[in-house]
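Student: I would like to go through this model and ask how each label is earned.
Tutor: Go ahead.

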Amino acid sequence: MSEAARYEPWKNRDMTQVRPYGDTFDDGVVQLSFSLPVPPGEEAAEAARQLVTQMGLFEPAVTHQHDLGEDFTFVVLYAKTKAAVDFTKIKVAKVDSPRMSFYEINEFIKEQFGRKITIIGACTGTDAHTVGIDAIMNMKGYNGEYGLERYPMIDAYNLGAQVENEEMVAKAIELKADAILVSQVVTQKDVHIPNLAQLVELLEAEGLREKLILICGGPRLGHELALELGYDAGFGPGTLAPDVASYVVQEMMKRGLK
């Protein structure tokens with residue numbers, strides 16, 4: 001088979017009928033994984049197959065079982081779907097700000113504001129997972145990008161983990177923050193939603209909400225949910241310091257927050 005023929009199915013694709021594929025283009029194969037409250041074995045595999053069939057999938061094949069102990073089993077399987085989506089009609093709310101480099105951001109702040117800007121960040125509520133906020137805030141940064149503490153034109157304060165919303169607001173007042181970054185990794189039973197909403201309410205009560213940029217981020221957070229909760233922007237996995245800083249300074253400029 002020629003190289004051109006190998007990729008023939010990708011040519012002239014119908015973007016109104018997009019479905020997943022595994023081994024063969026357009027075969028509809030998906031991978032699923034979940035836990036069942038039953039002991040591992042053939043019965044567990046059959047339970048998983050029947051469950052997936054009831055979801056509307058077909059040709060289920062269990063490829064892995066793992067004993068979680070106490071008669072719980074983690075199952076991995078493949079199945080097929082006939083469902084397709086019209087990719088041409090998909091509209092997604094996302095942060096719309098050009099990404100600038102470390103040097104461009106600092107120069108932008110110097111030219112447009114003539115002063116350093118102040119950004120505070122933390123994991124709030126009961127959340128103790130600081131990997132995300134550290135990647136954005138800490139001087140060493142992550143994945144080849146400096147964190148905000150390294151930016152000469154940004155005074156960055158990483159408040160750490162399990163910071164109460166009241167403390168965040170008090171710190172924002174004390175430091176005259178231009179932006180607040182909130183990281184939420186713990187999202188079980190949607191505990192992050194009331195916590196994020198409460199911060200907005202506290203800022204509004206203090207008359208601060210319109211005077212600063214408010215951002216949240218985490219594995220189950222996106223721009224659309226952030227907007228619904230009253231934030232200016234939401235960033236998901238893979239976000240780096242320049243993404244956040246670029247948005248903050250451009251949004252400050254747009255809103256005249258000098």
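Student: How many salt bridges does the structure hold?
Tutor: The structure holds 12 salt bridges. Keep in mind that this is a predicted model.

Student: What makes the pair Glu59 and Lys80 a salt bridge?
Tutor: The closest N and O atoms of Glu59 and Lys80 are 3.4 Å apart. The cut-off is 4 Å between a side-chain nitrogen of Lys or Arg and a carboxyl oxygen of Asp or Glu, so the pair counts. Glu59 lies in strand β2 (residues 58-69) and Lys80 in strand β3, so the salt bridge ties together parts that are 21 residues apart in sequence.

Student: Why is Glu59 called exposed?
Tutor: Its relative accessible area is 52%. Exposed means over 50%, so Glu59 has the label. Lys80 has 24%. That value falls between the limits of 20% and 50%, so Lys80 is partly exposed.

Student: How do you know that Arg115 and Asp178 form a salt bridge?
Tutor: Their side chains meet at 2.9 Å, N to O. The limit is 4 Å, so the pair qualifies. Arg115 lies in the loop between α3 and β4, and Asp178 in the loop between α5 (165-175) and β6, so parts 63 residues apart in sequence are tied together.

Student: Are these two residues buried or partly exposed?
Tutor: Asp178 has 8% relative accessibility. Buried means under 20%, so Asp178 is buried. Arg115, at 26%, counts as partly exposed.

Student: What makes Lys116 and Asp155 a salt bridge?
Tutor: The N to O distance is 3.6 Å, and the cut-off is 4 Å, so the pair is a salt bridge. Lys116 lies in the loop between α3 and β4 and Asp155 in strand β5, so the pair ties together parts that are 39 residues apart in sequence. Lys116 is partly exposed at 42%, and Asp155 is partly exposed at 28%. Elsewhere, salt bridges that share partners join Arg99, Glu145 and Asp243 into one network.

Student: Why is Arg209 called buried?
Tutor: Arg209 has 7% relative accessibility. The label needs a value under 20%, so Arg209 counts as buried. Arg209 sits in the loop between α6 (192-205) and β7 (213-217). Beyond four places in sequence, Arg209 touches residues including Val200, Leu203, Tyr231 and Arg255.

Student: What makes Arg209 and Asp232 a polar contact?
Tutor: A distance of 3.1 Å joins their side chains. A polar contact is a pair of N or O atoms within 3.5 Å, one able to donate a hydrogen and the other to accept it, so this pair fits.

Student: Which residues have the most contacts inside the largest nonpolar core?
Tutor: They are Ile117, Leu148, Ile154, Leu181, Ile215 and Val248, in a core of 31 residues. Helix α8 (241-255) is one of the elements that each supply at least two residues. With seven residues, α8 gives the most to this core. Apart from it lies another core, of 22 residues, among them Ala122, Met168, Leu212 and Tyr231.

Student: What does Ile215 contact?
Tutor: Leaving aside neighbours within four places in sequence, Ile215 is in contact with residues including Ile180, Leu181, Phe235, Val244 and Val248. In soluble globular proteins, nonpolar side chains tend to be buried together.

Student: Which residues form a nonpolar patch on the surface?
Tutor: Met15, Val85, Phe87, Ile90 and Val92 form it, with about 450 Å² of accessible area together. Phe87 lies in the loop between β3 (72-80) and α3 (102-113).

Student: How do you know that Phe87 can belong to a patch?
Tutor: A patch residue needs over 30% relative accessible area, and Phe87 has 47%, so Phe87 passes that cut-off. The value also makes Phe87 partly exposed.

Student: What is the phi of Glu70?
Tutor: Glu70 has a positive phi of about 55° although it is not a glycine. Most residues other than glycine have a negative phi. Asp71 also has a positive value, near 60°. Glu70 is in the loop between β2 and β3, and Asp71 is in that loop too.

Student: Why is Glu70 called exposed?
Tutor: Glu70 has 75% relative accessibility, and exposed means over 50%, so the label holds. Asp71, at 48%, is partly exposed.

Terms used:
Residues numbered from 1 in each chain as written. Predicted model: local features only at pLDDT ≥ 70, side-chain atom pairs only at ≥ 80, totals over all residues. Heavy atoms only, no water. Helix = DSSP H or I, 4+ residues; strand = E, 2+ residues; numbered from the N terminus. Buried < 20%, exposed > 50% of the residue type's maximum accessible area, 1.4 Å probe, protein only. Contact = heavy atoms within 4.5 Å. Patch = residues over 30% accessible without salt bridge, like charges linked within 9 Å, V, L, I, M, F, W, Y side chains within 5 Å. Areas by Shrake-Rupley, 256 points an atom, 1.4 Å probe, with all protein chains shown as cover. Core = buried A, V, L, I, M, F, W, Y, C linked by side-chain atoms within 4.5 Å.
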